[in-house]
Amino acid sequence: MVKHDTINPTSLKGALESLAGSNIIPIAGGTDLLVKLHGQYDKPWPSLLVLERVKPLHKIQVKKNTVAIGPLLTFSDIEQSTELKKYAFQLAEAASVAGSTQIRNRATIGGNVANGSPSGDLLPPLYVLGAKLRLASVNGSRTVPVEDFFEGPGRTIKNKKELITAIEFDKSYKAGFFNRLATRKALAISKVSVAANISLKKNRIENIKIALGAVAPTVIRAYETEEYLKGKMLNDDVLDKAIGIITSEAKPIDDLRSLAEYRKEMVGVLFKRGIEKYMQVN
């Protein structure tokens with residue numbers, strides 16, 4: 001039987017000092033990481049840095065204009081948070097539809113980000129919220145925009161000695177939506193996801209951010225669609241034109257879960273549903 005060593009710090013300082021060692025990997029909920037490691041069950045595992053007891057990584061901090069959340073918040077924490085339902089509606093909505101109840105009770109936002117999957121459900125909401133990630137190691141800390149964090153499927157700019165210690169974004173007051181398409185309502189990876197953050201002024205779009213998941217090597221912003229919609233009133237003609245633009249911006253591939261052309265079409269469908277739902281309540 002292979003022995004799996006664990007390190008169980010109770011402070012952030014202790015966690016960073018431990019991570020400075022060799023062949024150590026941090027673990028939060030483990031819903032992604034343990035699946036990956038299971039494939040090498042008969043080989044030596046790295047030592048697992050269990051972060052569960054590091055209390056600062058579990059916090060939600062609501063400030064005057066921003067919200068900072070710890071990477072160990074579970075999907076269920078996010079789904080049930082009154083503050084996040086108010087200030088990051090898209091994020092709470094995405095957390096509520098991911099996985100199963102059991103997965104949502106274990107999976108963390110930090111793990112979802114660090115895993116680097118373009119189909120990660122919490123990533124498009126973080127893009128449209130303009131989130132910034134705080135990364136820390138024993139050598140210091142840095143802050144990076146979430147859009148600059150990902151390099152490709154499963155690849156990020158975070159080095160092995162760094163932890164994500166917080167995720168920060170501006171308050172948004174329910175100003176948008178998150179929609180996704182999966183094979184089933186639960187227990188399925190997203191085939192396509194769309195998130196948006198919208199601000200209106202005199203019934204015109206003052207500003208809009210749109211992010212698409214699972215249609216490119218990383219989550220992407222729909223910049224052309226955003227530029228087209230700024231300053232416009234949302235009528236049927238404008239929405240139809242926007243759907244054509246956003247469909248062209250998606251760059252999916254064929255894989256076992258779905259065909260590229262179907263994914264492109266569904267980007268437009270999910271975007272339209274989200275806009276229509278948003279307009280009904282605003």
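Helices and strands here are DSSP runs, numbered from the N terminus. With that naming, glutamate 162 sits in the loop between strand E9 (155-156) and E10. What you have in front of you is a predicted model.

I'll stay with glutamate 162 for a moment. Is it buried or exposed? Its relative accessible area is 5%, so glutamate 162 counts as buried, the cut-off being under 20%. Its side chain makes a polar contact of 2.8 Å with the side chain of arginine 142. Setting aside residues up to four places away in sequence, glutamate 162 touches Leu19, Leu135, Ala136, Ser137, Arg142 and Ile157. Arginine 142 is therefore both on that list and the partner in the polar contact.

Next, the nonpolar cores. The largest one has 35 residues. Which of them have the most contacts inside it? They are Ile69, Leu91, Ile109, Val113, Ile167 and Phe169. At least two residues each come from strand E5 (66-69), helix H3 (75-80), helix H4 (82-87), helix H5 (89-97), H7, H8, strand E6 (132-137) and E10. H8 gives the largest share, four residues.

Take phenylalanine 169 from that core. Beyond four places in sequence, its contacts are Asn65, Thr66, Val67, Ile69, Leu84, Tyr87, Ala88, Leu91, Leu129 and Ala131. There is also a second, separate core, with 29 residues, including Leu181, Val194, Ile210 and Leu229.

Now leucine 122. Where is it? It lies in the loop between helix H7 (109-115) and helix H8 (123-128). Leucine 122 is buried because its relative accessibility is 0%. Again leaving out neighbours within four places, leucine 122 contacts Phe75, Ile78, Leu91, Ala94, Ala95, Ile109 and Asn112. Two of these, Leu91 and Ile109, were named among the residues with the most contacts inside the largest core. Alanine 195 is 73 residues from leucine 122 along the chain, and their C-alpha atoms are 9.6 Å apart.

Last, a pocket. The second largest has a volume of about 360 Å³. Which of its 22 lining residues are closest to the centre? Those are Leu129, Gly130, Ala131, Asp170 and Lys209. Two or more lining residues come from each of H8, strand E10 (163-170), strand E12 (192-201) and strand E13 (204-213). By type, the lining has nine nonpolar, six polar and seven charged residues.

One link back to the core: Leu129 and Ala131, from the group closest to the pocket centre, are also among the contacts of phenylalanine 169. H8 likewise appears in both places, giving residues to the pocket lining and four to the largest core.

How values were computed
Residues are numbered from 1 along each chain as its sequence is written. This is a predicted model: local features need pLDDT of at least 70, side-chain atom pairs count only at pLDDT 80 or more; totals for chains, interfaces and linings use all residues. Side-chain values use heavy atoms; hydrogens and water are left out. Buried means under 20% relative accessible area, exposed over 50%, partly exposed in between (1.4 Å probe, protein chains only). Contact means heavy atoms within 4.5 Å. On a 1 Å grid over the protein atoms alone, a cavity is a set of points where a 1.4 Å probe fits but cannot get out, and a pocket is an open set with protein on both sides within 12 Å along at least five of seven lines; lining residues have an atom within 4 Å of a point. Grid points are joined across faces, edges and corners, and a volume is the space filled by probe spheres set on the points. Ala, Val, Leu, Ile, Met, Phe, Trp, Tyr, Cys and Pro count as nonpolar, Asp, Glu, Lys and Arg as charged, and the others, Gly among them, as polar. A polar contact is a pair of N or O atoms within 3.5 Å; within protein, one must be able to donate a hydrogen and the other to accept it, and residues adjacent in sequence count only if both atoms are side-chain atoms. A nonpolar core is a set of buried Ala, Val, Leu, Ile, Met, Phe, Trp, Tyr and Cys residues joined through side-chain atoms within 4.5 Å.
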